[in-house]
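I opened the notebook on this model to look up burial, contacts and charge pairs, one residue at a time. My entries follow in the order in which I looked.

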Amino acid sequence: MPEPRRTRRRPVKTTGTLPPEGSSAALGRDHALPVRQWPITVVLLVVGAGLAVTWFADFQDGFKYGLLIVGGGVLLGALLRLLLPEVGMLAVRSRFTDVIVLTFLGVAIVLLTLMAQPNPWLEFSVLDNIGQLIGRPRR
């Protein structure tokens, strides 16, 4: 008797995919959704406040203060993900990956803000000579 033909169809229901560690709501179901998901709510409020400061700042270097708040909000998300056992929707991947990605993005936002022109608050001498490093003649 011949063996039945095997087909390579995708399964109707995906199995083996687990939610990230710590993805349960931070508080129970007896609270409203924004309160239950308070870690992501706090991070979004801080980042939103930073974007508002960036947008509406009408003083010199006002955009830098707003972007520092945005970077601080992302770093706050990394800290909450690292320290809290349950963070709800703030958990996307494994705890290690979430903390590394959020920390990298937060530090990048803060460093790029500190180096923003005009009048950077942080200067790297290597970046002053970047043109020479890539072969551009000095003016």
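**Entry on A78.** I looked up A78 and found that, at 4% relative accessibility, A78 counts as buried, where buried means under 20% relative accessible area, exposed over 50%, and partly exposed in between, with a 1.4 Å probe and protein chains only. I note that this is a predicted model, in which local features need pLDDT of at least 70 and side-chain atom pairs count only at pLDDT 80 or more, while totals for chains, interfaces and linings use all residues. Residues are numbered from 1 along each chain as its sequence is written, and side-chain values use heavy atoms, with hydrogens and water left out.

I placed A78 in helix 3; helices here are DSSP runs (H or I, at least four residues), strands are E runs of at least two, and both are numbered from the N terminus. Leaving aside neighbours within four places in sequence, I found A78 in contact with V99, L102 and T103, contact meaning heavy atoms within 4.5 Å. I also looked up the C-alpha atoms of A78 and L105, which are separated by 9.6 Å, the two residues being 27 apart along the chain.

**Entry on the core.** Which residues make up the largest nonpolar core? I listed eleven in all: I40, V43, V47, V70, V74, A78, L80, V87, L90, A91 and L102. A nonpolar core is a set of buried Ala, Val, Leu, Ile, Met, Phe, Trp, Tyr and Cys residues joined through side-chain atoms within 4.5 Å. Helix 2 (38-56) and helix 3 are the elements that give two or more residues to this core, and helix 3 supplies the largest share, four residues. As background I wrote down that in soluble globular proteins nonpolar side chains tend to be buried together.

From the core I followed A91, which touches P20, E21, G22, S23, R81 and D98 when residues up to four places away in sequence are not counted.

**Entry on the salt bridges.** How many salt bridges does a search of the whole structure find? I got three, with a salt bridge taken as a side-chain nitrogen of Lys or Arg within 4 Å of a carboxyl oxygen of Asp or Glu.

I looked first at R81 and D98, whose closest N and O atoms are 2.8 Å apart in a salt bridge. R81 lies in helix 3 (residues 62-83) and D98 in helix 4, so the pair ties together parts that are 17 residues apart in sequence. Both R81 and D98 are buried, D98 with a relative accessible area of 2%. D98 also meets R93 in a salt bridge, at 3.0 Å from N to O, and R93 counts as partly exposed at 40% relative accessibility. I therefore entered R81, R93 and D98 together, linked in a network of salt bridges.

The remaining entry on charge concerns K64, which forms a salt bridge with D61, the closest N and O atoms being 3.8 Å apart. K64 is buried, with a relative accessible area of 0%, and D61 is buried too, at 14%. I located D61 in the loop between helix 2 and helix 3, where, leaving aside neighbours within four places in sequence, D61 is in contact with P118 and W121.

**Entry on T113.** K64 led me to T113, which touches K64, L67 and L68, residues up to four places away in sequence not being counted. T113 lies in helix 4 (residues 95-114) and is buried, with a relative accessible area of 3%. The side chain of T113 reaches the backbone oxygen of I109 at 2.6 Å.

**Entry on the surface and the whole chain.** I found a nonpolar surface patch of about 280 Å², made by L27, V35, W38 and V42. Of these, L27 sits in the segment before helix 1 (33-36) and counts as partly exposed at 33% relative accessibility.

For the protein as a whole I noted six helices and zero strands, and 24% of the 139 residues count as buried. Among contacts between residues at least 6 apart in sequence, 58% join residues at least 24 apart.

Key: A polar contact is a pair of N or O atoms within 3.5 Å; within protein, one must be able to donate a hydrogen and the other to accept it, and residues adjacent in sequence count only if both atoms are side-chain atoms. Patches are made of residues with over 30% relative accessible area and no salt bridge: like charges are joined within 9 Å, nonpolar side chains (Val, Leu, Ile, Met, Phe, Trp, Tyr) within 5 Å. Accessible areas come from the Shrake-Rupley method with a 1.4 Å probe; for residues, only the protein chains shown count as cover.
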